[in-house]
Amino acid sequence: MLAEFAPDILHVEGTEMAYTRRFLSSWSGRRLISLQGVINGYKPYQFGHLSAGDFLNLRHPQHMIVGLALLANNLVKFLPRLRGERETIAMADHILGRTIWDRAQANWLNPEAKYHHCPRILRDPFYEKRWSRTDCEPFSIFVGNGASALKGVHFAVRALAQIHHKFPDAKLYIAGRNPWSLSRLSAQRLVGYSVYLMDLISDLGLRDHVVFTGQLDAEQMAERMRRSHVVVLSSLIENSPNTLAEAMLMGVPAVPSYVGGVPSMAQDEKEVLYYRAGDPAMLAWQLQRVFEDDDLAEKLSEAARIRASATHDPETIIETLVNAYHTVVAGQPA
């Protein structure tokens, strides 16, 4: 296909899949890689700051099996991909990124490649909808992904428990499949991260206050976020998470963890309220501030929307990308 099409540039999205390396190794022309996540940078966070002690629970002996399953998955599926990603990034002549974190990762893995900064265009519904305090569900919290320990939803659940006495109507909405709806014979009901998460929710007495939304398309995601009082990014590591960008674009007040490339996206106390990843007390405090202060929520909303509208302006991004292409083709320095 490459020989027949003979492109000016081979531009690949993401670095963690084996086929990306195969494409690059088959092409001798100019190569441009867009960084999404960088799994070599994610390696220390795969267990979501959960220790062996978290899985040694007399009330839930099956948690030991969950911990062993997470360890096995890490050894068999995750760690073998690290070398492939390093080889992929090393093949790039030019690298397209979005944050100071991915620029640091690029410099670590391929210091000879030219780096280009280019934000992303988001999905249409997030440009069309706008958050309003009067239209949202009071004291509702939204997290965009709870599928793995790295996403840190267990810390969001613990934060909810800490503020529940003060806000008894508070609810946490988690995007993704409802683990309670799975068959009891399903592997995810027996050994997955969701087992730990479900037991934590039950142990803290929050079963009626945590809602798994099921899989959401772009329109449904935008509407659920727009109806939320606040969006939380609970991840232990991220590069440039779309969930935060989408929330900011609609003006939903956001409390993200201060990790990876996230600080490149928003300013603390102006456009978002940051907290230290893995600290449920700090997360709970920031949520309480938003819930108790509508003026603060409105201020964050407006400032975030203004910044994200500029960052994710489609015409500007297209111009930036085309300029990067011209630079790559011309062989000029970035």
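**Exercise 1. Find the place of tyrosine 42 in this predicted model, and decide whether tyrosine 42 is buried or exposed.**

Step 1. Start with the helices: tyrosine 42 belongs to helix α3, which covers residues 39-42.

Step 2. Next, look at the accessible area. Tyrosine 42 has a relative accessible area of 13%. Buried means under 20%, so tyrosine 42 is buried.

Step 3. Now list the neighbours. Leaving aside residues up to four places away in sequence, tyrosine 42 touches Gly37, Trp101, Leu150, Ile237, Glu238 and Asn239.

Step 4. Finally, look along the chain. Glycine 260 is 218 residues away from tyrosine 42 in sequence, yet their C-alpha atoms are separated by 9.2 Å.

**Exercise 2. Work out how many residues of helix α12 are buried, and which elements those buried residues pack against.**

Step 1. Helix α12 runs over residues 242-250, and eight of its nine residues are buried. The helix is thus mostly covered.

Step 2. Name them on the structure: Thr243, Leu244, Ala245, Glu246, Ala247, Met248, Leu249 and Met250 are the buried residues of α12.

Step 3. A helix has 3.6 residues a turn, so residues three or four places apart point the same way. Keep that in mind as you turn the model.

Step 4. Look for the partners. The buried residues of α12 pack against the helices α7 (124-128), α11 (218-226) and α14 (294-311), and against the strands β8 (228-233) and β9 (254-256).

Step 5. Then step past the end of the helix: α12 is followed by glycine 251, which has a positive phi, near 80°.

**Exercise 3. Trace the cluster of rings that includes Phe167, and say which parts of the chain its pairs tie together.**

Step 1. The structure holds six aromatic pairs. One of them joins phenylalanine 139 and phenylalanine 167: this pair is tilted, with 5.3 Å centre to centre and 40° between the planes.

Step 2. Place both rings. Phenylalanine 139 is in strand β5 (residues 137-143), while phenylalanine 167 is in the loop between α8 (153-163) and β6 (171-174), so their pair ties together parts 28 residues apart in sequence.

Step 3. Compare their surroundings. Phenylalanine 139 is partly exposed at 22% relative accessible area, whereas phenylalanine 167 is buried at 7%.

Step 4. Follow phenylalanine 167 to its other partner, phenylalanine 291: this pair is edge-to-face, with 5.2 Å centre to centre and 70° between the planes. Phenylalanine 291 lies in helix α13 (residues 280-292), so the pair ties together parts 124 residues apart in sequence. Both phenylalanine 167 and phenylalanine 291 are buried.

Step 5. Put the pairs together: Phe139, Phe167 and Phe291 are linked into a cluster.

**Exercise 4. Find the ring that lies under the charged end of arginine 207, and the ring that lies under arginine 224.**

Step 1. For arginine 207, the ring is that of tryptophan 180, with the charged end 3.8 Å from the ring centre.

Step 2. For arginine 224, go to tyrosine 173: the arginine lies over the face of this ring, at 3.8 Å from its centre.

**Exercise 5. Explore the second largest pocket: how much space does it hold, and which residues are closest to its centre?**

Step 1. The space in the second largest pocket is about 210 Å³.

Step 2. Its lining has 16 residues, and the closest to the centre are Ser240, Ser264, Met265, Thr311 and His312.

Step 3. Two elements, α12 and α14, give two or more residues to this lining. You have already met this couple, as buried residues of α12 pack against α14.

Definitions and conventions
Residues are numbered from 1 along each chain as its sequence is written. This is a predicted model: local features need pLDDT of at least 70, side-chain atom pairs count only at pLDDT 80 or more; totals for chains, interfaces and linings use all residues. Side-chain values use heavy atoms; hydrogens and water are left out. Buried means under 20% relative accessible area, exposed over 50%, partly exposed in between (1.4 Å probe, protein chains only). Helices (H or I, at least four residues) and strands (E, at least two) are DSSP runs, numbered from the N terminus. Contact means heavy atoms within 4.5 Å. Rings of Phe, Tyr and Trp (its six-membered ring) pair if their centres lie within 6.5 Å; planes under 30 degrees apart count as stacked, over 60 as edge-to-face and the rest as tilted. A charge sits over a ring if NZ of Lys or CZ of Arg is within 6 Å of the ring centre and within 35 degrees of the ring normal. On a 1 Å grid over the protein atoms alone, a cavity is a set of points where a 1.4 Å probe fits but cannot get out, and a pocket is an open set with protein on both sides within 12 Å along at least five of seven lines; lining residues have an atom within 4 Å of a point. Grid points are joined across faces, edges and corners, and a volume is the space filled by probe spheres set on the points.
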